[in-house]
Amino acid sequence: MNNLSAPQGVEPASAVTDPAAPTYSDILAAAARIAPHAHATPVMRSRVIDEAAGCELHFKCENLQRGGAFKFRGACNAVFSLSDEEVARGIVTQSSGNHGGAIALAARLRGGRATVVAPHNTPKVKLAAIRAYGADIVYCEPEQSARDAATAQVLARTGAVLVHPFNDPRVIAGQGTATLELLASAPQLDTVIAPVSGGGLLSGTAIAAHGHDPSIAVYGAEPEGARDAHDSLREGRRITGRKTDTVCDGLRAELGTLTFPILRSHLRDICLVDDRQVIAAMRLIWERMKLVVEPSGAVPLAVVLAYPALFAGRRVGLIVSGGNVDLDLAAQWFAPQTL
């Protein structure tokens, strides 16, 4: 395990002025729109993990959401916001797995057809879900530029409608509904932590948390091997084009033009952990809470355990983002010699 020191605070930026950025009211509207379709997932506790962390933890279990991840919230809100004519044209997205499955499921519920641009190294379990929900898959290289290029080609060929996995206000608003539910269950929270990849979940989390209580400290959790969000906030500009190296396959995207300013305005900081810490946190959740959580979903707990002084004595909500695990890979992760 790395010797990680507590992070320095990110200087607050001016308030978001982008008219496309979703508001707290948009998140409330999204909650009403997706209520007939999405699960209200449980908030769970563990005395043993609280003792190990030195704080009070509330786990928002989006691994138990439809499709096995929080992504169904944003996908559902976006797809059910479309007109019938737009749905008839087809829906296109890009995804390393969970969002693709969520769009495929939401499109099926709406009576439409989806195409998912997916990196060739997407976990098999996530590709299987995309196919099972009836979507077509177009493969690409893992880098963001390759995803964008392949997506543009599909849109040009099909004339379909794009639902971006994170740089879309409808998606961001839908993701924020998880935090609405979390705070309804645990209104006393003073801290909320969510994983960060493209920033859709974390943006929705921050807007929802500060709509509930502006004093809540919102943190992002990011793996060292995909630290573009952390470094982007430090440098005050979006960092793009990096290659990633992490077991957290759901956290390999780059911040979007919409999510970056939202996070600059709302976040206390983004904290980094390495893959060993992530796997240890995932294993702790599996063993103590009997919950199947994927590496990306364990990053918030890994952050709490890595920075004990930062969260000591606090009441912390953790967004457990997903539970779609390739069990063949899990056997490798838990073998001591592999990490």
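Here is a short conversation about a predicted model, covering two helices, a sheet and some enclosed spaces.

Colleague: Let's start with the helices. Why are α12 and α13 called roughly perpendicular to each other?

Modeller: The axes of α12 (residues 275–289) and α13 (residues 295–306) cross at roughly 100°. Angles of 65 to 115 degrees count as roughly perpendicular, and α12 and α13 are therefore described that way. Their axes come within 7 Å.

Colleague: Which residues make that contact?

Modeller: On the α12 side they are Q277, V278, I279, A281, M282, L284 and I285, and on the α13 side P295, A298, V299, L301, A302, L305 and A306.

Colleague: How do the residues of that contact divide into nonpolar, polar and charged?

Modeller: There are 13 nonpolar residues, one polar and no charged. Val, Leu, Ile, Ala, Met and Pro are among the types that count as nonpolar.

Colleague: Now the sheet. What makes β5 and β6 stand at the edges?

Modeller: The open sheet has four strands in the order β5-β4-β3-β6, with parallel pairing. β5 (136–140) and β6 (161–162) each have a single partner strand, so one side of each is left without a neighbour in the sheet.

Colleague: How do you know that β4 and β5 count as a pair?

Modeller: Two strands pair if there are at least two bridges between them. Strand β4 (residues 114–119) and β5 have five bridges, in the parallel sense, so they meet the rule for a pair. One bridge links V117 with V138 of β5.

Colleague: Which helices pack on this sheet?

Modeller: Helix α6 (residues 124–132) touches β4 and β5, and its direction makes about 145° with that of β5. Helix α7 (residues 144–158) touches β3 (91–94), β4, β5 and β6, with about 170° between its direction and that of β3.

Colleague: And the enclosed spaces? What makes a space a cavity here?

Modeller: A 1.4 Å probe fits in a cavity but cannot get out. The count comes to two cavities of 30 Å³ or more. The largest cavity holds about 320 Å³ of space, and of its 28 lining residues, F70, K71, S96, S197 and G250 are the closest to its centre.

Colleague: What is the make-up of that lining by class?

Modeller: The lining of the largest cavity has nine nonpolar, 14 polar and five charged residues. Its largest share, three residues, comes from α9.

Colleague: Which residues line the second largest cavity?

Modeller: They are P123, D249, P295, N324, V325, D326, L329 and W333. About 30 Å³ of space lies in this second largest cavity.

Definitions and conventions. Residues are numbered from 1 along each chain as its sequence is written. This is a predicted model: local features need pLDDT of at least 70, side-chain atom pairs count only at pLDDT 80 or more; totals for chains, interfaces and linings use all residues. Side-chain values use heavy atoms; hydrogens and water are left out. Axes are lines fitted to C-alpha atoms, for helices over the stretch in contact, and angles run from 0 to 180 degrees between N-to-C directions. Helices (H or I, at least four residues) and strands (E, at least two) are DSSP runs, numbered from the N terminus. Angles under 35 degrees count as roughly parallel, over 145 as roughly antiparallel, 65 to 115 as roughly perpendicular and the rest as oblique. Contact means heavy atoms within 4.5 Å. On a 1 Å grid over the protein atoms alone, a cavity is a set of points where a 1.4 Å probe fits but cannot get out, and a pocket is an open set with protein on both sides within 12 Å along at least five of seven lines; lining residues have an atom within 4 Å of a point. Grid points are joined across faces, edges and corners, and a volume is the space filled by probe spheres set on the points.
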